[in-house]
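User: I'm new to reading protein models. Could you walk me through this one, feature by feature?

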Amino acid sequence: MDQNDADMMRRWQDGDAGAFEELVRRWQGPISRFLSRLGNTNQVADLCQEVFLRLYLKGPRYRETGAFSTWLYRIAMNVARDAARRTRRSPLPLMDLDLPARSSASDASCEYQELTKVMQHALADLPESLREVVVLRHYEDMSFEEMARLLKTPASTLKSRFAAALGRLRGRLKQLGWSPEETTG
Amino acid sequence: MNCEHTRELLPAWIYGDLAPETKALVDNHLATCPGCREEQAALAEVRRLLDEPPLPKVQVDVARIFESASRLRQGHMRRWRRAAVALVGMAAALLLILCLKLEVRWQGQQVVVRWGMPSPEPDRARVEERPVVPVPSPEVTAADMKLVKDLLHALAESVEERNGRFQQNLAQLERQLNQMGEQAGSRWKATESYVSALHTAQVEARSKGE
């Protein structure tokens, strides 16, 4: 896919406007999900538009020195960081996210959905550097070496951040009184 | 492998990032440690819960991108034009200032660069009025000495000649003065005799009348 992306970029640089539209169609889903997971759910449409606008403006200067996806994710990461700087997020207090009391077995799926919501909030509350690593490793399935190229940070540092991020998420679950037997059993 | 080391490796174990030999070591520890197993289960649950995010569906408006890009580029062009005009203006002003205040000239076999107001010109009239003092030559030759002697002689002759003329004039004046004195004496005698005769006549007339 990445070779196709590079071909598409070449065609676009040669003046084929359709190639740009094809790139947008191909990447709007992954990029919007990525932005959403970085904690920009409310403004993801605008940010996604911004990412592809930057891609359009930077396109003529694109050189095939690395993977197109890494380049595009870096643009998206910068857009997300800029947005975070513009509007400092006010994280939802954990006290507001109490688990519902389980009344019967049929409520299990409801509780699971609540837990999912709690986890998303917990993820959104993570510091930016930790959240980025979780999103890239978990959702984008990037290796730490790819992440190191994208974030320009040593892979060992990113592994430590990832472990720390999972530890914090697990801590949130523990704070809420979750135990493995309740959902996995 | 102890619990601490195992728990450090659990995130990588959950995501399958461990090398086979390390994974085997972790597996062995998990088989014998209920606490680490619980931690492993918790992390696996975290992974599972992360898998269900509500994702918005987004459609990028490509036409709006083209429009925005065009607007941005026009804005950039405008800013560049303004910056260029400002730069040219500043350069012109700087050049003007430099030309007015910077003086570069060749003087006395060296380049003189001077910044600031020009130095005041010397007053030519005053310079012209100033007497020219001849600088004596440090060496006096015999010819010079002869010339000076001749000049002194000529000057002395001139003085003597002038003195002679003065003496002649003085003698002539003395003679004239003597002549005038003689004339005055003779006139005085005549007047005296006339007055005496007149007095005698008056006395005689007075005696006749009595």
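User: Let's begin with the nonpolar core. Which residues have the most contacts inside the largest one?

Analyst: General idea to start with: a nonpolar core is a set of buried Ala, Val, Leu, Ile, Met, Phe, Trp, Tyr and Cys residues joined through side-chain atoms within 4.5 Å. Buried means under 20% relative accessible area, exposed means over 50%, and partly exposed is in between, using a 1.4 Å probe and protein chains only. In this predicted model, the largest nonpolar core has 74 residues, and those with the most contacts inside it are A:Ile31, A:Leu35, A:Phe52, A:Phe68 and B:Leu50. Helix α4 of chain A, residues 68–86, gives this core its largest share, ten residues.

User: You said "predicted". What are the ground rules, and what are the scores of the model?

Analyst: Since the model is predicted, local features need pLDDT of at least 70 and side-chain atom pairs count only at pLDDT 80 or more, while totals for chains, interfaces and linings use all residues. Side-chain values use heavy atoms, with hydrogens and water left out, residues are numbered from 1 along each chain as its sequence is written, and chains are lettered from A and ligands numbered from 1 in the order in which they are written. As for scores, the model has ipTM 0.72 and pTM 0.57. pLDDT is the predictor's confidence in each residue, from 0 to 100; chain B averages 84, and 86% of its residues score at least 70.

User: How do I read secondary structure, and how many helices and strands does chain A have?

Analyst: Helices (H or I, at least four residues) and strands (E, at least two) are DSSP runs, numbered from the N terminus. Chain A comes to nine helices and zero strands. Of its 185 residues, 45% are buried.

User: What about strands in chain B? Which ones are joined by bridges, and which way do they run?

Analyst: The rule is that two strands pair if DSSP finds at least two bridges between them. In chain B, β1 (residues 102–107) and β2 (residues 110–115) run antiparallel and are joined by six bridges. For one example, B:Arg105 has B:Val112 in β2 as its bridge partner. The two strands form a hairpin with two residues between them, and B:Gly108 in the turn has a positive phi of about 55 degrees.

User: Which residues other than glycine have a positive phi?

Analyst: One of them is A:Lys152, with phi near 55 degrees. A:Lys152 sits in the loop between α7 and α8 (155–175) of chain A, and is exposed at 66% relative accessible area. Another is A:Asp141, whose phi is about 55 degrees. That residue is in the loop between α6 (128–139) and α7 (144–151) of chain A, and it's exposed too, at 57%.

User: Now the surface. What makes up the nonpolar patch?

Analyst: Patches are made of residues with over 30% relative accessible area and no salt bridge; like charges are joined within 9 Å, and nonpolar side chains (Val, Leu, Ile, Met, Phe, Trp, Tyr) within 5 Å. The areas come from the Shrake-Rupley method with a 1.4 Å probe, and for residues only the protein chains shown count as cover. Here a nonpolar patch of about 1,000 Å² includes B:Leu94, B:Ile97, B:Val104, B:Trp106 and B:Trp115. Helix α4 (62–101), β1 and β2 of chain B each give two or more residues to the patch, with α4(B) giving the largest share, four residues. Take B:Val104: its place is in strand β1 of chain B, and it is exposed at 54%.

User: Last topic: salt bridges. How many are there over all chains?

Analyst: A salt bridge is a side-chain nitrogen of Lys or Arg within 4 Å of a carboxyl oxygen of Asp or Glu. The search finds 19 over all chains. One joins A:Glu50 and A:Arg54, at 3.0 Å from N to O. These two are four residues apart in helix α3 (residues 44–58) of chain A, so about one helical turn separates them.

User: Where in chain B can I look for this kind of pair?

Analyst: Try helix α6 (residues 142–209) of chain B, where B:Arg165 and B:Glu161 lie four residues apart, about one turn of the helix. Their closest N and O atoms are 3.3 Å apart. B:Arg165 is partly exposed at 43%, whereas B:Glu161 is exposed at 52%. Back in chain A, you can also find a network of salt bridges linking A:Asp5, A:Glu22, A:Arg25 and A:Arg26.
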